[in-house]
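Student: I'd like a close look at one part of this model, with the cut-offs spelled out as we go. Here's what I have open.

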Amino acid sequence: MNIIEMKDLVFAYEDKTVALKDVNLSIKRGEKVAIVGPNGAGKSTLLNVLAGFRMPFSGKVFVDGKELTQSSADSIRRDIGLIFQDPEDQIFMPTVEEDVAFGPRNLRLDNIDSRVQAALRATGIEQLAKRKLHKLSYGMKKRVAIAGILAMDPKVLLLDEPTSGLDPRARSELVKLLKGMDKTMLIATHDIEAAAEIVDRAIVLNVSIVVEGTMRDIIMKKEVLDQAGLEMPPVSKLFGVLDSMGYPVETLPVSMDQAVAELTKVIEREGRHLHAHVHEHDHTEDAKHAHKHIVPRKGADDART
Ligand SMILES: Nc1ncnc2c1ncn2[C@@H]1O[C@H](COP(=O)(O)OP(=O)(O)OP(=O)(O)O)[C@@H](O)[C@H]1O
Ligand SMILES: [Mg+2]
């Protein structure tokens with residue numbers, strides 16, 4: 001059974017703005033999915049509906065088999081942790097530790113202290129525990145908001161622009177944290193490099209779903225990027241240049257990790273070439289054998305001649 005299921009969802013705000021139209025979405029338990037799309041595409045709205053904060057105009061939403069209705073909304077909110085785009089909307093207690101403890105305390109969960117400690121550790125803000133919230137920077141508040149949701153250990157984590165406003169180190173720590181977390185996740189974001197690191201699948205939303213696929217599939221299609229209001233990440237552009245300079249790139253990397261993996265392949269290929277060159281005038285059986293052993297790739301022998 002899918003943990004999240006949306007069928008023909010339509011959502012309109014009170015002023016008749018149709019923010020979501022005919023959205024069909026299935027998310028498997030444990031799956032990490034990105035929602036990308038231009039400003040005003042309905043990403044935040046989609047997360048708010050899923051979290052039970054807004055009711056569908058028509059269509060159905062199921063969370064862990066439970067249909068979202070007025071009467072089930074409260075219990076669905078317990079299964080889902082929504083991290084808002086703006087941390088100011090989420091945090092309100094005087095100090096960091098009180099704020100992180102608020103959710104679990106409200107739900108009457110046990111081991112509050114250890115939950116709070118674990119959440120502060122996971123978000124790298126243990127040293128801020130006693131600090132006054134209103135004196136923190138935006139990025140710090142963002143981490144507090146994330147910690148507050150983690151402390152409740154929801155079944156599904158919905159994150160609205162989690163990396164926006166974070167400094168590079170905080171951003172990469174958050175990416176690592178989300179990547180390593182064994183939890184169903186839906187991430188609305190413009191940060192495609194971060195998404196490429198974290199998610200299994202991406203959905204391009206622009207009121208309706210435009211296309212689904214891996215982050216790489218999406219990045220390779222210019223018309224999809226345009227429709228999604230996204231730019232190709234610099235690292236992908238760089239590899240496009242490498243490719244045109246005669247270093248064939250098998251799969252265009254989207255993130256730095258993927259770039260390193262791709263670069264390793266290019267270097268290995270270069271190694272094969274160099275190796276072949278060194279042995280050009282030494283076609284002994286041993287050399288052939290060594291060659292095949294080092295570079296067990298199709299076409300290695302052709303490269304040697
Ligand atoms: N409270 C509201 N009342 C009326 N219309 C709203 C409200 N909130 C959002 N909208 C409208 O709904 C549409 C979708 O907005 P939403 O905030 O979901 O987009 P988004 O994809 O999250 O955009 P962004 O990338 O800027 O965060 C927009 O047309 C927006 O103007
Ligand atoms: Mg938004």
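Student: Take the crossing of α3 and α4: is it left-handed or right-handed? Please walk me through that pair, then place it beside the strands and the ligand.

Tutor: Sure. Keep in mind that this is a predicted model, where local features need pLDDT of at least 70, side-chain atom pairs count only at pLDDT 80 or more, and totals for chains, interfaces and linings use all residues. Residues are numbered from 1 along each chain as its sequence is written, while chains are lettered from A and ligands numbered from 1 in the order in which they are written.

Helix α3 covers residues 96-106 and helix α4 residues 112-122; their axes come within 9 Å and cross at roughly 125°. (Axes are lines fitted to C-alpha atoms, for helices over the stretch in contact, and angles run from 0 to 180 degrees between N-to-C directions.) That angle is why α3 counts as oblique to α4: under 35 degrees is roughly parallel, over 145 roughly antiparallel, 65 to 115 roughly perpendicular, and the rest oblique. To your question, the crossing of α3 and α4 is right-handed, meaning the near helix is turned clockwise from the far one by less than a right angle; anticlockwise would be left-handed.

On the α3 side, the contact is made by Glu97, Val100, Ala101, Pro104 and Arg105, and on the α4 side by Ile112, Arg115, Val116, Ala119 and Leu120. Contact here means C-beta atoms, placed from the backbone, within 7 Å. Sorted by type, these residues are seven nonpolar, no polar and three charged. The classes: Ala, Val, Leu, Ile, Met, Phe, Trp, Tyr, Cys and Pro are nonpolar, Asp, Glu, Lys and Arg charged, and the others, Gly among them, polar.

Now the strands. Helices (H or I, at least four residues) and strands (E, at least two) are DSSP runs, numbered from the N terminus, and two strands pair if DSSP finds at least two bridges between them. An open sheet of four strands has the order β2-β1-β4-β5, with antiparallel pairing; its edge strands, β2 (18-27) and β5 (66-67), each pair on one side only. Elsewhere, β3 (residues 32-36) runs parallel to β9 (residues 201-206) over four bridges, with Ala34 partnered by Ala202. β9 also pairs antiparallel with β10 (residues 208-213) over five bridges, and one residue separates the two in a hairpin, where Val207 in the turn has a positive phi of about 70°.

As for ligand 1, the biggest share of its shell comes from helix α1 (residues 43-50), with three residues. That shell splits into three nonpolar, eight polar and two charged residues.

Notes. Contact = placed C-beta atoms within 7 Å.
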